[in-house]
Amino acid sequence: MNKTEFVGLDLAYYKEVLDNGLEIYLVPMENKKNYYISYATRFGSDITNFIPVGKDEEVIVPDGIAHFLEHKMFEQESGEDPFTFFSASGTDSNAMTDFDSTQYICSGTKNFKENLEYLLKFVNSPYYTNENVNKEKGIIAEELKMYNDIPDYRLEMRLRECVYKSSPRRVDIGGSVTSIQDITKEDLYLCYENFYNPGNMFVLVVGNFDVDEALTVIKDNTELIDNNGRAKAVDVKENKKVNILEDTIESDINVEKIGIGLKIFNDDKDKLMTSMYLNMLFTCMFGSTSLFRDRVDKLNLLQSFEYDLENYNNIYTLYIMCSSTDINEILKEVRKEFKIKKVKEEDFNRIKKVWIANEVKAYDDVYDVVDRSFRDIIRYGDMVSDRVDKIRNMSLKKLNSMIKTIDFNNTSIVMMKRKEK
Amino acid sequence: MEYIEKDCGAFKLHVYKTNKFRTVNISVVFRRVIKKDEITIRNVLSHMLLQSSKNYKEKRDLAIKVQELYATTLYNNTYRLGNYIFTNYDMEVLNDKYTEEGNLDEAIKYLSEIIFKPDVTNKKFREDKLDIVKTKISNSLNTLKENAPMYSVIRSFETFNSNSPISYRLGGYLEDLDSIDTSKLYKYYDSFINHDLIDIYVVGDVSNDVIKSIKKYFKFRTVKRRRIPYKLDRFRVRSRKLKGTERIDNSQSRISIICPIGKLSDYEEKYVLPIYNYIFGGCTESKLFRNVREKNSLCYSINSVVNKFDNIMMILCGIDKINYDKCITLIEEELQNMRWGKFTKKDLDIAKEYYQTNLDELMESPNTIINNGLVSDLLRLDSLDKRRESIVKVTKNDVIKVAKKIKLDTIFLLEGVGTDE
């Protein structure tokens, strides 16, 4: 086991990679009562086209299959329900599918060893039948509809379709009510066999537990599983330019909304630093202490405002989502901000201070440690132990030179207007 | 964890000394008996105090100040418990150990300025800021329907009993908004500061200096006494079920059911009722989740919640409207099954485990420590140790007795009449 300190955070993690490729990350935290276990695969809705292990031909699976598979993982041949097992010790269990990953989790305060064993066991034993696959379609359809009834969500999905031309990021992680109808048990087994093998998976444990015990349990339960290799995912080539410049949708809303997507191409290999610099830039431009926010606030324009940066291969997309009494004015103000030449030194230094303080806070909370660790393992291939140093060493000069490389006209705009009745 | 309670005359100070967290959390909790026509102005006020203050004239100045205090956060929140309306100011600041000497004191001073040094001249708040807040509140009142789950709950309360505080809209009312002006607002502020009951909670690794700081900065003047009980009077159950419906342009429909709880003993309310709820609809092992969602695929979300202040249980779910009748029948069957004792010893044990895990986790986050402290005071709950001991004793018969006192009264359907895609 390799022990590494998180720089400046009074915390360390242990890492080991088994011969079959399974990665193990353990972050014991003194002072905590609860623990959190995640067993995860690097398989999410981003993968729709792939060449199965040992085959030459590309297959295309229906949209939403990773999420569907996640639901069906809870079906066991014995008829036992994993939720029931965990509940017996008052442990919470759940699963989440993202664009780039699927994880199965349990969290609680008791029965650590048995719960860890069981989590590994149930995710390693798929059981799909025509009957149980069909039964799930009703539940998932209700889940998709639930999200689809949220106007902000519909706006985001339309914006994604405008930003991306072919990337799976333009489709809901769960697929659509129509696409999931096509999913068969054979599809599920195909995906399971190709992406749920140790070389493509990892276990992350955070909180109150014994490192040696955790390691022994994981080895005993997963060491003998063969690594059959991972299927070759076929990368969907995405355009540098946005797909659609402008669109308007109508909805039964009273306050109008606007979504702005800024698509940035950047092929720097260091995606972590690229993301950090872009995030710094957008925090200075649109964060709570930005002059933009000050302006639109005084103009009484803002109802709600959110922004977020997403990375897909060499594409970084800034999403701005806002509801306002005057969305055209907001758009003008955002466009003004897009003419930025450089960031002020005092803003840059203050945000650095904020980021470091936020790391110190986050590495004191089991759930925040899980979130950060999980994201880093999935996106950057490993834990990031020196983020505090990285923040400290960020240079204003580099940030300002990066601004020049961004094409601020490469945007998609979606307006959500009130439906005339 | 050491607990210190100090009667400071005009307010009560509760300090939980613990080295479990790197942050110090401070909550200033205001409360008074809820009056329908005061809800809107109270909301306006709580927003106004975070718009500007005597020494921080713009929102941006406030935002910069909290960033300089090492990413301190400050939120406000207005909510109702039984007969009372509460407004919290919650601050989280890193311990001086991780920042610099005097940072905590400075943060406490800042929090006190937000409360005691509003941006007021000649007993009037600022006109421009009031405009901003009014627009925000009126927009959020106009967009209530966008959050269908919450909206269906509000509408079900209004259907159930339109006179009781249970039906009051916590966001306020449009018709009350117009008449609020800068001097009326100041009058309410004056009454808020001088007549609300106040508690201050502190959680963190603090010395007695923090008590000094709080006494120094928080100069509340008046002593107040409470006369009205926290809990609402029990509701009578109608002899015929009440049904309400409203149509909405969504694809999913929401059901919200209200079941008044009859008179329970102290023991039943504290210990049997939570166990009943876990078994019936409070977790993924519950009867509702198992039978309505898993067995019949009728919905994605379904659960029940118990409110001890209001003496009711609510059942909430999202469905396709064609399944409405079937869903109601199943829910009524499950209510009846509980009364007939159709649950196992295992169900009972699982519920107890959940209860225990929940207790374990109560002390794991500053917010739950504060919340538990507050609610324990209001409802005179037992100590955690006493709770642990008592919960073990709950029997199947106890649960059946409680089940017989929970009766379905009102069913509200927010009927989705939009299209699917």
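**A tour of chains B and A**

Begin with chain B of this predicted model and select helix α8(B): its buried residues pack against β2 (12-17), α3 (103-116) and β8 (197-204) of chain B. Then show the side chains of Val210(B), Ser213(B) and Ile214(B), which are the buried positions in α8(B), a helix that covers residues 209-217. Turn the view until it runs down the axis of α8(B); the buried residues fall within an arc of 95°, so they line one face of the helix. An α-helix has 3.6 residues a turn, so residues three or four places apart point the same way. Rotate to the other side of α8(B) and select Asp209(B), Lys212(B) and Lys216(B), which are exposed.

**Chain B as a whole**

Now widen the selection to the whole of chain B, which holds 15 helices and 13 strands. Its radius of gyration is 23 Å, close to the 22 Å that the globule rule gives for 421 residues, so chain B is as compact as a globular protein of that length. The C-alpha trace of chain B spans about 60 × 50 × 45 Å along its principal axes. Colouring by burial is useful here: 42% of the 421 residues of chain B count as buried. A contact map of chain B would show how its contacts are distributed along the sequence: of those between residues at least 6 apart, 81% join residues at least 24 apart.

**The contact between the chains**

Next, display both chains and select the contact, to which chain B gives 49 residues and chain A gives 46 residues. On the side of chain B that touches chain A, the elements giving two or more residues are α2 (59-68), α4 (127-142), β11 (299-307), β12 (312-319) and α12 (345-362) of chain B. Centre the view on α12(B), which gives the most to this side of chain B, with seven residues. Coloured by class, the side of chain B that touches chain A divides into 15 nonpolar, 15 polar and 19 charged residues.

**The two domains of chain A**

Hide chain B and colour chain A by its domain assignment, which gives domain 1 (2-233) and domain 2 (246-418). The C-alpha centres of domain 1 and domain 2 of chain A lie 28 Å apart. The contact between them takes 33 residues from domain 1 of chain A and 31 residues from domain 2 of chain A. On the domain 1 side, select β1 (2-6), β2 (11-17), β3, β4 (35-41), α5 (151-163) and β9 of chain A, the elements that give two or more residues to it. The largest share of that side comes from α5(A), with nine residues. By class, the side of domain 1 of chain A that touches domain 2 of chain A has 17 nonpolar, seven polar and nine charged residues.

**Helix α7 of chain A**

Finish at helix α7(A), residues 211-222. At 1.5 Å a residue, the twelve residues of α7(A) should span 16 Å, and its end C-alpha atoms are 16 Å apart, which agrees. Select Ala214(A), Val217(A), Ile218(A) and Thr222(A), the buried residues of α7(A). Seen down the axis of α7(A), they fall within an arc of 100°, so they line one face of the helix. These buried residues pack against β3 (23-28), α3 (112-123) and β9 (201-207) of chain A. On the other side of α7(A), the selection to make is Asp212(A), Glu213(A), Thr216(A) and Asp220(A), which are exposed.

Key. Residues are numbered from 1 along each chain as its sequence is written. Chains are lettered from A and ligands numbered from 1 in the order in which they are written. This is a predicted model: local features need pLDDT of at least 70, side-chain atom pairs count only at pLDDT 80 or more; totals for chains, interfaces and linings use all residues. Two residues are in contact if their C-beta atoms, placed from the backbone, lie within 7 Å. Helices (H or I, at least four residues) and strands (E, at least two) are DSSP runs, numbered from the N terminus. Ala, Val, Leu, Ile, Met, Phe, Trp, Tyr, Cys and Pro count as nonpolar, Asp, Glu, Lys and Arg as charged, and the others, Gly among them, as polar. The expected span of a helix is 1.5 Å times one less than its number of residues. A residue is buried if 20 or more other C-beta atoms lie within 10 Å of its own, exposed if 12 or fewer, and partly exposed in between; C-beta atoms are placed from the backbone. The arc is that of the directions from the helix axis to the C-beta atoms. Domain bounds come from an automatic or database domain assignment. The radius of gyration is taken over C-alpha atoms; the globule rule is 2.2 Å times the number of residues to the power 0.38.
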